[in-house]
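Reader: I'd like a close look at one part of this model. Could you walk me through the sheet and whatever packs around it?

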Amino acid sequence: MDAFYASVEQMDNPELMGKPVAVGGGSKRGVVSAASYEARVFGVRSAMPGFTAKKLCPDLIFVRPRFDRYKEISSKIRKIFYDFTDLVEPLSLDEAYLDVTQNKKGNPSATLVAQEVRKRIFEEVGLTASAGISINKFIAKVASDYNKPNGQKTVNPEEIIEFLEDLDVKKFYGVGKVTQAKMYAMGIYTGKDLKAKSEEFLTQHFGKAGRHYYRIVRGIHLSEVKPNRERKSLAAERTFSENIASEIYMLERLESIAEELQKRLKNNKVAGRTVTLKIKYSDFTLQTRSKTLPYFVNDADILLETAKELLYQEKMKNSVRLLGISLSNLNTGQEKKKEKEEKEFEVVQLRFDF
């Protein structure tokens, strides 16, 4: 989807149409979750601090996120996908892979299928979408950004090598800012430069990811489209308007975070075993501390007690600007199957006496 959160806000509030809009980020310590294309002209991007976005675009309009609304729209869009194929792998609320090799419309052209999907989204939902079409997920993903917004790009098998060689490595899905800077420092600016490096060289400098880069720049990506993608974790976090130095205040914040996480876990009907405390300090350094419990939990009291234990695990390095709690090792997939086979599955909800 094109600037999904911001586009939903503009659709629901016509007064925002044509104006620079940012979802989230309005407070002193806020972060931009999404920016409209009118805002992007000024350099505003997602994950950017709100004050930075405001400096770049003084007329920027901040809107509070409405995730229930975004989920509602996302559900409508996915129903359209399933009219074409059951092989749908959602990546997020606004993005998914579709395998249309064998599709319900019997259309032999993936390009025409993409056009029809985008047309229906616009007619039935009122938003624009972009698409990338190719022989595997990696190339399709890269191509999906090529003609945004409201466009699509098909990369045919005979065009793949040339397409990838001409691309800046920063446009390769999975190459973040740190890796991009490292590649640039090595004189690797384009796919052609990357392709010139041996697998040994890439693994030496980038570890296991080096083999991945060696393969994808040659158009090799064997990951299938996986329907019903399993969630690996659930989390809740808060960024504070002022830095917190007192552990007493941190505990107060952790209590509300644990309650929010409990709500999300129960809405998704899952529990987990590994509790992770996320701490972002005032100097933006990030630290995580984890503990794996011997049983599955989804109760706020246990989440809070475990987070408190992790908080006191070592002394704070600095004042804190963000705290978060996540739960992983969820009782889904293989874990759930194993528990079911052993007939011992039970979500444990313990209560503590204070």
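**The sheet and the helix across it**

Author: Let's start with one strand pair: S1, residues 21-24, and S2 run antiparallel to each other, joined by three bridges. One bridge to look up on screen links Val-23 to Ala-34, the latter sitting in S2. Keep in mind that this is a predicted model.

Now bring in the rest of the sheet. It is open and has three strands, ordered S2-S1-S3, with mixed pairing. Strands S2 (32-35) and S3 (61-63) are the edge strands, and each has a single partner, so one side of each has no neighbour in the sheet. Going from one strand to the next, the twist averages 30°.

Next, the helix. H1 lies across S1, S2 and S3, and its direction makes an angle of about 110° with S1.

H1 also has a helical partner. Residues 4-12 make up H1 and residues 67-82 make up H4; the two pack at about 95°, with 10 Å between their axes. Angles from 65 to 115 degrees count as roughly perpendicular, so that is the label for H1 and H4.

And who touches whom? On the H1 side you'll find Phe-4, Tyr-5, Val-8, Glu-9, Met-11 and Asp-12, while H4 brings Phe-67, Arg-69, Tyr-70, Ile-73, Ser-74 and Ile-77. Sorted by character, the residues of this contact between H1 and H4 come out as eight nonpolar, one polar and three charged.

So, to pull it together: H1 is the piece to follow, since it lies across the three strands S1, S2 and S3 and is roughly perpendicular to H4.

Note on methods:
Residues numbered from 1 in each chain as written. Predicted model: local features only at pLDDT ≥ 70, side-chain atom pairs only at ≥ 80, totals over all residues. Heavy atoms only, no water. Axes fitted to C-alpha atoms, helices over the stretch in contact; angles between N-to-C directions. Helix = DSSP H or I, 4+ residues; strand = E, 2+ residues; numbered from the N terminus. Parallel < 35°, antiparallel > 145°, perpendicular 65-115°, else oblique. Contact = heavy atoms within 4.5 Å. Nonpolar A, V, L, I, M, F, W, Y, C, P; charged D, E, K, R; others polar. Pairing = 2+ DSSP bridges.
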